[in-house]
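Reader: I am new to protein structures, and whole models overwhelm me. Could you pick one part, look at it closely, and then work outward from there?

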Amino acid sequence: MIGSRFSRNITLGVKTLLLHKMRSVLTMLGMVFGVGAVIAMLAVGEGASKQALDEIKRLGSQNIIINSQKPIEQAASGSQRIRMNIYGLLYDDLERIQQSFDTVVRTVPAKLIRGEGRVGSRTLELRLVGTTPEWFELVEREILAGRVMLDRDMEQSSNIVVLTEHGARKLLAGKSILNAQVRINQGIYKVVGIIKSEATDSGTMQTPDQQIDAYIPLNVAKERFGDITVTRGSGSNTREMVELHQMIVEVDSTKNVESTAAGIERVLSLFHPKKDYRMSVPLALLRQAESTQRTFNIVLGSIAGISLLIGGIGIMNIMLASVTERTREIGIRRAIGARRKQIIGQFLIETVVLSVTGGLIGIGIGLLIPWLITVFAGMPTVVTLWSVMISVVISIGVGVIFGMYPAMRAANLDPIVALRHE
Amino acid sequence: MTQYSGQEFGVGNAEDRVIELNGVWKTYRMGDQDVNALAGVDLQIQRGSFWAISGSSGSGKSTMLNLLGCLDRPTQGKYLLEGQDIASTSDDELSDLRLKHLGFIFQNFNLIPQLTVQENIVLPLFYQGIDPNEANERGQSIAALVGLAERLGHRPTELSGGQQQRVAIARALANNPSVLLADEPTGNLDTATGDSIMELLVELHDQGKTIIMVTHEPEIAAYAQYQLVMRDGNIESITDQTNNEHHAQKSVVQA
């Protein structure tokens with residue numbers, strides 16, 4: 001029975017609000033735009049942050065990536081004739097890191113060599129990645145065909161290559177893929193597998209893998225290419241000696257990543273007085289991205305709070321006017337025998353109906369805007385369920401909080417005075 | 001100052017009093033001066049009687065009606081409604097007394113404009129928490145009683161003044177109250193319509209309702225059994241009109 005009385009109260013509230021349609025709609029606008037803006041902004045923020053977080057996670061949150069880098073002073077003098085630049089990570093660094101830290105699960109070395117792949121008349125610029133089978137455990141990518149590199153490929157120094165989907169399509173289009181022969185620079189390699197590459201051109205972070213990768217065993221790369229590369233420039237040749245171009249270190253758990261990274265930095269700095277390497281810690285970037293997101297959420301939350309406050313004040317304002325306008329009605333109801341609580345209930349329900357209706361329309365707009373942004377601007381947006389649920393709760397809350405004062409004022413009117421009100 | 005008691009004019013036995021006022025005072029503070037709107041009123045009203053209260057403005061008749069209607073409490077003295085002293089009641093209890101025992105009829109009808117006739121009539125039943133279906137049935141039979149069966153779906157503003165007052169009377173009757181309180185019920189109506197409303201009240205009185213009506217028009221007051229005149233916050237006179245020809249024609253039941 002209480003339920004039916006409640007539903008009749010709501011019906012009555014809706015009817016009363018429908019008497020002044022224009023006024024009710026205008027009153028709701030604050031809530032509509034407040035809630036709509038909150039959901040839309042959260043969706044855009046969530047979309048952007050999801051994109052960033054996905055990119056970072058692709059790098060592996062337990063990984064530390066170290067790249068060889070030409071030191072600045074050497075780079076400046078690199079234009080000199082016949083000059084060998086020696087820099088970068090060493091095979092020994094691999095051992096040192098592996099043995100100095102209990103928290104390091106494995107280290108994956110990589111030699112990165114520019115090359116040209118050729119199958120028949122088809123050619124493709126490639127990045128040869130000389131690495132160990134562990135690469136495929138750290139940089140986990142979907143295997144589309146065949147297999148990845150195995151320990152026996154290292155032991156037997158097999159001339160095998162694992163291509164990316166992109167490389168396979170360009171080089172082997174229309175041919176049987178596995179066991180095909182690919183010529184890369186001067187060597188011939190047998191294709192044993194195709195993997196998917198998740199490298200993207202856009203984005204703030206570079207993934208360890210690229211679309212044009214061709215993976216061969218590290219010792220094969222060492223044997224065939226050595227450690228010296230020659231780059232032909234205009235009139236001069238630049239020769240570089242780099243043992244390892246990249247090293248990926250996997251740490252046992254995310255909580256040890258930052259301390260291990262600091263330790264590796266100390267160890268490396270002992271052997272590399274000139275800073276010829278660059279460390280990147282995806283987890284640190286993840287943390288940074290998360291803290292940026294938190295800041296963003298706080299700013300959004302403040303904007304949301306202010307717009308809902310304004311929406312609430314608008315509703316309160318109209319309800320106060322409504323109470324004054326309906327003073328006689330309140331007097332009549334009290335004379336008939338309505339208790340104060342029932343008057344409060346009546347006005348509170350009207351405010352909540354207003355704020356929730358405004359909130360629901362706002363949710364509709366908040367769902368529409370991100371969709372339009374995705375369709376027309378191509379930006380990723382994610383509408384989260386919790387932002388919608390919170391909006392509903394806040395709408396009710398705004399109605400109750402800002403409806404309470406007008407309702408109390410209505411209930412505390414002296415019935416005798418209220419009945420005499422013109 | 002002479003004290004009058006309605007009891008000497010009362011009907012039925014002395015136990016059957018709906019209302020009893022004993023030395024009731026109502027004092028308002030105006031600036032730094034106390035004004036006695038009621039100054040020690042004694043009055044007994046028997047069940048089933050029909051009273052008209054009149055008096056010049058400032059005589060205390062409005063205060064009297066508000067007090068009788070449980071919209072106000074006496075500053076001093078005793079007011080018993082259906083044997084219950086209202087002096088020490090809370091605001092909620094006063095609301096409940098009004099809801100249970102009283103029905104109001106106003107000069108300007110005081111219907112709620114956004115509700116239909118039907119919804120206005122059953123409003124007291126809504127606050128009593130009575131099942132909507134049952135309330136609607138009762139509302140329909142009461143509407144038929146006051147001659148409004150055809151108008152239930154209309155808004156008050158679509159009705160004539162007389163019809164609106166009939167709706168108000170139906171609403172006042174919905175909770176089957178002990179006492180009907182009418183404040184200038186014909187004040188906003190033309191004479192013919194006013195007379196028809198008075199005939200309806202007389203009819204209700206004939207069916208056993210206790211009616212207390214405030215009016216300043218002698219012709220209207222003439223419909224009542226007892227005419228009470230107030231002056232300076234007290235009862236100046238009470239006139240028994242039961243043998244008055246105007247009244248006698250209409251009132252058959254009361255002896």
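Author: What follows starts with one helix and then moves to the parts around it.

Keep one thing in mind: this is a predicted model. Our starting point is helix 2 of chain B, residues 91-101. Which of its residues are buried? Leu94(B), Ser95(B), Arg98(B), Leu99(B) and His101(B) are. When you read such a list, remember that an α-helix has 3.6 residues a turn, so residues three or four places apart point the same way.

Now ask what covers these buried residues of helix 2 of chain B. The cover comes from both chains. Chain A contributes helix 11, residues 327-336. Chain B contributes strand 4, strand 6 (102-105), helix 4 and strand 7 (179-183). These are included in the cover. Each can serve as a signpost.

Take the signpost to chain A. The two chains touch: 19 residues of chain B are in contact with 19 residues of chain A. On the chain B side, helix 2 and helix 4 (123-128) each supply at least two residues. Helix 2 of chain B gives the largest share, 6 residues. The chain B side is mixed in class, with 8 nonpolar, 5 polar and 6 charged residues.

Next, follow strand 4 of chain B. Its residues are 76-81, and its partner is strand 1, residues 17-30. The two pair in the antiparallel sense over 5 bridges. Look for Leu21(B), which stands opposite Tyr79(B) in strand 4. Step back and you see an open sheet of 4 strands in chain B, in the order 2-1-4-5, with antiparallel pairing. Strand 2 (33-46) and strand 5 (84-85) stand at its edges. Each of these two has a single partner strand, so one side of each has no neighbour in the sheet.

The third signpost is strand 7 of chain B. Between strand 7 and helix 7 of chain B lies a loop, and Glu184(B) sits in it. Glu184(B) is not a glycine, yet its phi is positive, near 45°. Is Glu184(B) buried or partly exposed? With 18 C-beta neighbours inside 10 Å, it counts as partly exposed.

Helix 7 of chain B (residues 191-206) packs against helix 6 (residues 161-174). Their axes are 10 Å apart, at an angle of about 20°. That makes the two helices roughly parallel. The crossing of helix 6 and helix 7 of chain B is right-handed. Which residues meet there? Helix 6 brings Gly161(B), Gly162(B), Gln165(B), Arg166(B) and Ile169(B). Helix 7 brings Thr193(B), Ser196(B), Ile197(B) and Leu200(B). By class, this contact has 3 nonpolar, 5 polar and 1 charged residues.

Pull back to the whole of chain B. It has 9 helices and 10 strands. Of its 255 residues, 47% count as buried. Among its contacts between residues at least 6 apart in sequence, 69% join residues at least 24 apart.

Finally, cross to chain A for two strands. Strand 6 of chain A has 5 of its 5 residues buried, so it is largely enclosed by the rest of the structure. Ile160(A), Val162(A) and Thr164(A) point one way from it, and Val161(A) and Leu163(A) the other way. Strand 6 of chain A pairs with strand 8 (residues 187-195) in the parallel sense, over 5 bridges. There Thr164(A) stands opposite Ile195(A). Strand 6 of chain A also pairs with strand 9 (residues 213-217), in the antiparallel sense, over 2 bridges. In that pairing, Leu163(A) has Ala214(A) as its bridge partner.

Strand 10 of chain A (residues 228-232) is hardly covered: 0 of its 5 residues are buried. Still, strand 10 of chain A has a partner, strand 11 (residues 237-241). They pair in the antiparallel sense over 5 bridges. Find Ile228(A) there, opposite Met241(A).

How values were computed: Residues numbered from 1 in each chain as written. Chains lettered and ligands numbered in written order. Predicted model: local features only at pLDDT ≥ 70, side-chain atom pairs only at ≥ 80, totals over all residues. Buried ≥ 20, exposed ≤ 12 C-beta atoms within 10 Å, placed from the backbone. Pairing = 2+ DSSP bridges. Axes fitted to C-alpha atoms, helices over the stretch in contact; angles between N-to-C directions. Parallel < 35°, antiparallel > 145°, perpendicular 65-115°, else oblique. Left-handed = near helix turned anticlockwise from the far one by under 90°. Contact = placed C-beta atoms within 7 Å. Nonpolar A, V, L, I, M, F, W, Y, C, P; charged D, E, K, R; others polar.
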